[in-house]
Amino acid sequence: MDYRSNVTYITFGGHVEVHKYRYLYFVVMFTVYMLIISSNVTIVFIIMIYKDLHEPMYIFIAALLINSVLFSTAIYPKLLIDFLSDKQIISYPACLCQWFLYYWLGGSDFFLLSVMAYDRYVSICNPLKYTTLMQNTTVNIFLFSAWILPACITSVALLLNAREQICSFYLEGILCNSTILTLQCVNSRILKIFGFVVLVTLLLLPLLFIIFSYSRILVVSYRCKGVRRRAAQTCLPHLLVLINFSCLTSCDVLLPRLELNSPKIVRLIMTLQFVVYHPLFNPIIYGLKMRRINDHLKKLLCRKV
């Protein structure tokens, strides 16, 4: 506690030999951050400038990639500063702010993935109704909901966490995610109940809807050979992103439940997986697997060469 400014500071204790390898950490993570920004922005730029990509599926992909840029920007600058600092600390309000961005954008990703699953379901299972159901107004409502609803739900959780008294000022991690619960003096029953509501609303319900949508697509693809290739081309990238994100989210949920005396390197690796793989994985998958995006990407690269 800094009594002069009346600000509570939290010390990050999840770094592994940061004073010894600080410059190595900095160079590697800075490189990853630049790759994330450049790859995601490139795909979004391609979707924006080419009119044949101004379709709901590609608009949702662009929204997902914008989320990756925002998510990385909420995490990486602070990580890079900590690598070069003598003390890895953060004020508690800033920690809560990072926590909010972390879970708001994570919840938004699940909403966007569920909207993308619905888009593919309508396109493949009800192609004649696609233009009617997926109009510009509908797409805008989906985008607005995918960003605003998770923000509102996460804001309530943020206020509940801010009200709780903290007794520990040492965080077993390198950023403010679910591990901030370990700082609180007592395990609040209200927080547990609302945390379950958040888990169901932002994770389980979208996931169940996604599974239902793709199962229906699978049934239709099995019955109609003519749509198999189309379904594989457009749905496979979404499924790869979904599987990757679901696995990483599961790791994040398990993180605060690890024993505090578990190896520090294990917690570090689990955290880095979420902040590296997901933002970097998405543009690679969509850039390589989505034929139209890949064709425009090749044209853009060839033009520069």
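The link between Cys167 and Cys185 is right-handed, with 100° about the S-S bond. In this predicted model, the two sulfurs of Cys167 and Cys185 are joined as a disulfide with an S to S distance of 1.8 Å. Cys167 sits in the loop between helix H5 (136-163) and strand S3, while Cys185 belongs to the loop between S3 and H6, so this bond ties together parts that are 18 residues apart in sequence. As for accessibility, Cys167 counts as exposed at 51%, and Cys185 is partly exposed at 30%.

A search of the whole structure gives two disulfides. Besides the pair just described, Cys95 is bonded to Cys176, with 1.9 Å from S to S. Here the link is left-handed, at -115° about the S-S bond. Cys95 is part of helix H3 (residues 92-125), and Cys176 is found in the loop between strand S3 (170-171) and helix H6 (189-223); the disulfide therefore ties together parts that are 81 residues apart in sequence. Both ends are hidden from the surface: Cys95 is buried, with a relative accessible area of 0%, and Cys176 is likewise buried at 0%. When the bonded cysteines of the chain are numbered in sequence order, the pairing reads 1-3, 2-4.

Two further cysteines deserve a look. The sulfur of Cys97 has its closest cysteine sulfur in Cys176, but the 9.7 Å between them is too far for a bond, as a disulfide needs the sulfurs within 2.5 Å. Cys97 is partly exposed, with a relative accessible area of 43%, whereas Cys125 is buried, with a value of 19%.

Key
Residues numbered from 1 in each chain as written. Predicted model: local features only at pLDDT ≥ 70, side-chain atom pairs only at ≥ 80, totals over all residues. Heavy atoms only, no water. Helix = DSSP H or I, 4+ residues; strand = E, 2+ residues; numbered from the N terminus. Buried < 20%, exposed > 50% of the residue type's maximum accessible area, 1.4 Å probe, protein only.
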